[in-house]
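Trainee: I would love to walk through this structure with you. Could we take the empty spaces and the ligand one by one?

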Amino acid sequence: MKGLELNSVQLSEQAEQLRQEVRLFLQKELEEGNFEPHCDSWLSKADPEFSRKLGEKGWLGMTWPKQYGGSERSALERYVVTEELLAFGAPVAAHWFADRQSGPLLLKYGTEEQRKKILPGIVRGEIYFAIGLSEPNTGSDLASISTTAKKVDGGWLLNGSKVWTSGAHYSHYMVTLCRTAAKTDKKHDGLSQLLVDLSADGVTIRPIRLMTGEHHFNEVILEDVFIPDDMAIGNIGDGWKQSMAELAYERSGPERFLSTFPLFTELIRVLQQRPSSETANIAIGQLVARLTTLREMSLGVAGLLEQGVTPEITAALVKDLGTHFESQIGEVARLLVSAGDSVSSIYKSMLATAILHSPGYTLRGGTTEILRGIIAKGVGIR
Ligand SMILES: Cc1cc2nc3c(=O)[nH]c(=O)nc-3n(C[C@H](O)[C@H](O)[C@H](O)COP(=O)(O)OP(=O)(O)OC[C@H]3O[C@@H](n4cnc5c(N)ncnc54)[C@H](O)[C@@H]3O)c2cc1C
């Protein structure tokens with residue numbers, strides 16, 4: 001069916017060699033006590049020093065042109081690095097959005113000046129980005145945002161507020177979707193993307209704590225923030241089109257099914273130390289089968305991205321299936337080995353994170369209902 005074609009992707013020998021290199025590096029970092037594996041680490045465990053180490057290795061901005069510090073490697077090689085970092089539960093949140101979507105956004109729509117100023121810092125693991133889409137009264141229906149920028153001499157005056165802004169408290173910039181022209185019956189028109197320097201006057205960042213007590217989210221208040229003309233991204237008025245292109249990067253990566261993978265491997269380790277149980281064997285077998293299928297699909301999406309295709313519908317499908325799988329790992333683990341049993345503190349902490357973070361898996365990056373709407377439309381049943 002059109003829009004749902006996925007071919008099996010074979011990783012090159014070079015990519016598999018790279019995987020070994022990444023594994024050795026991560027194993028060494030673990031042995032030296034430089035990080036503790038965590039579930040959902042791509043969103044909630046930021047460690048600038050670790051990001052800088054990845055930068056030194058050449059594992060950030062991997063596919064970008066050399067002139068901006070990138071390594072011009074393939075999207076599938078980047079996929080392999082990402083997969084290993086997630087599987088190890090490494091602390092990658094600081095640079096995650098910058099590497100995954102803001103850098104590619106600037107490569108596609110940014111000015112030469114913006115690229116030269118920002119991209120090398122992302123590649124070094126020193127410049128971090130936040131995503132300013134959601135607002136207190138706007139989530140899924142993104143076109144109804146009310147953050148507004150008014151044209152003034154030499155730039156724009158930005159007012160409004162963003163919410164659920166992951167990592168804004170340690171980020172340097174926020175890509176901010178705002179209204180630059182009055183709303184008409186064509187609600188996607190008149191939106192633009194501005195690059196907000198989060199240290200600018202008029203920006204206030206307030207924490208919104210998770211139920212675990214962690215500080216991950218923020219509310220970002222924008223009061224008369226001056227944005228110079230040269231900080232507009234792409235064309236004024238093209239914000240909707242540009243944001244949707246950005247969401248394709250956001251929805252298609254392995255982080256959409258591997259957030260709780262560290263718990264899965266820890267669960268297997270715990271079960272291996274216990275007498276064999278048929279219930280456990282069946283449950284683990286089912287999870288492995290689902291994981292294998294999801295990985296094939298996700299790799300298929302990565303393969304299409306490599307060919308320059310934006311597989312919107314398949315990416316939505318993989319994210320929908322993948323994020324439910326992430327929650328399922330927590331549920332299965334809880335039923336097989338509860339935190340009350342005599343188990344390691346690492347298992348207990350991973351189980352707690354996997355379960356307490358689980359309401360967010362299917363919300364972030366587009367909710368299940370929104371994704372299913374995209375899929376239904378794409379296959380012509382809506
Ligand atoms: C962990 C996490 C990190 C996040 N990080 C960021 C970030 O960094 N930057 C950012 O901008 N946002 C971020 N978000 C916000 C996220 O993008 C929104 O939560 C999401 O888009 C949904 O918006 P909402 O919360 O306003 O819910 P709503 O849009 O109000 O939706 C509420 C419910 O109604 C359903 N619904 C809404 N519209 C429809 C419809 N048309 N048809 C059927 N059902 C519908 C939804 O599926 C959902 O179940 C993050 C969220 C989470 C959980």
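**Spaces and the ligand**

Mentor: Gladly! Keep in mind that this is a predicted model. Counting closed spaces of 30 Å³ or more gives one cavity.

Trainee: What volume does the largest cavity have?

Mentor: A cavity is a space where a 1.4 Å probe fits but cannot get out. For the largest cavity, the volume is about 60 Å³.

Trainee: Which helices each supply at least two residues of the lining of the largest cavity?

Mentor: Let's start with the residues themselves. The lining includes Trp59, Arg78, Leu85, His95 and Arg100. By class, this lining has five nonpolar, two polar and three charged residues. The helices that each give at least two of its residues are α4 (75–87) and α5 (93–109).

Trainee: Now the second largest pocket, please. Which element gives the largest share of its lining?

Mentor: This pocket has a volume of about 670 Å³, and among the 27 residues lining it, Ala75, Arg78, Arg100, Tyr249 and Leu305 are closest to its centre. Four helices, α4, α5, α7 (239–252) and α9 (278–306), each supply at least two lining residues. The largest share, six residues, comes from α5.

Trainee: How many charged residues does the lining of the second largest pocket have?

Mentor: Sort the lining by class. There are 14 nonpolar and six polar residues in it. The charged ones number seven.

Trainee: Between which domains does the second largest pocket lie, and why?

Mentor: Look at who gives residues to the lining. Two domains both do, so the pocket lies between them. They are domain 1 (13–127) and domain 3 (253–378).

Trainee: On to the ligand! Which residue has a side-chain N or O atom 2.6 Å from an oxygen atom of the ligand?

Mentor: Let's first set aside the backbone contacts. A polar backbone atom of Leu133 is 3.0 Å from a ligand oxygen, and a backbone N or O atom of Ser134 lies 2.7 Å from one. The side-chain contact at 2.6 Å belongs to Ser140.

Trainee: How much of the ligand's exposed area does the protein bury?

Mentor: Begin with the ligand taken alone, which exposes 970 Å². Of that area, the protein buries 63%.

Trainee: Between which domains does the ligand lie, and why?

Mentor: The shell around the ligand has 17 residues, and Ser134, Ser140, Trp164, Thr367 and Glu369 come nearest. By class, the shell divides into seven nonpolar, eight polar and two charged residues. Both β7 (215–228) and α13 (368–378) supply at least two of them. Two domains give residues to this shell, so the ligand lies between domain 2 (131–238) and domain 3 (253–378).

Methods:
Residues numbered from 1 in each chain as written. Predicted model: local features only at pLDDT ≥ 70, side-chain atom pairs only at ≥ 80, totals over all residues. Heavy atoms only, no water. Near = heavy atom within 4 Å. Polar contact = N/O pair within 3.5 Å; in protein donor to acceptor, adjacent residues only side chain to side chain. Areas by Shrake-Rupley, 256 points an atom, 1.4 Å probe, with all protein chains shown as cover. Nonpolar A, V, L, I, M, F, W, Y, C, P; charged D, E, K, R; others polar. Domains from an automatic or database assignment. 1 Å grid on protein atoms, 1.4 Å probe; cavity = no way out; pocket = protein on both sides within 12 Å on 5 of 7 lines; lining within 4 Å. Points joined across faces, edges and corners; volume = space filled by probe spheres on them.
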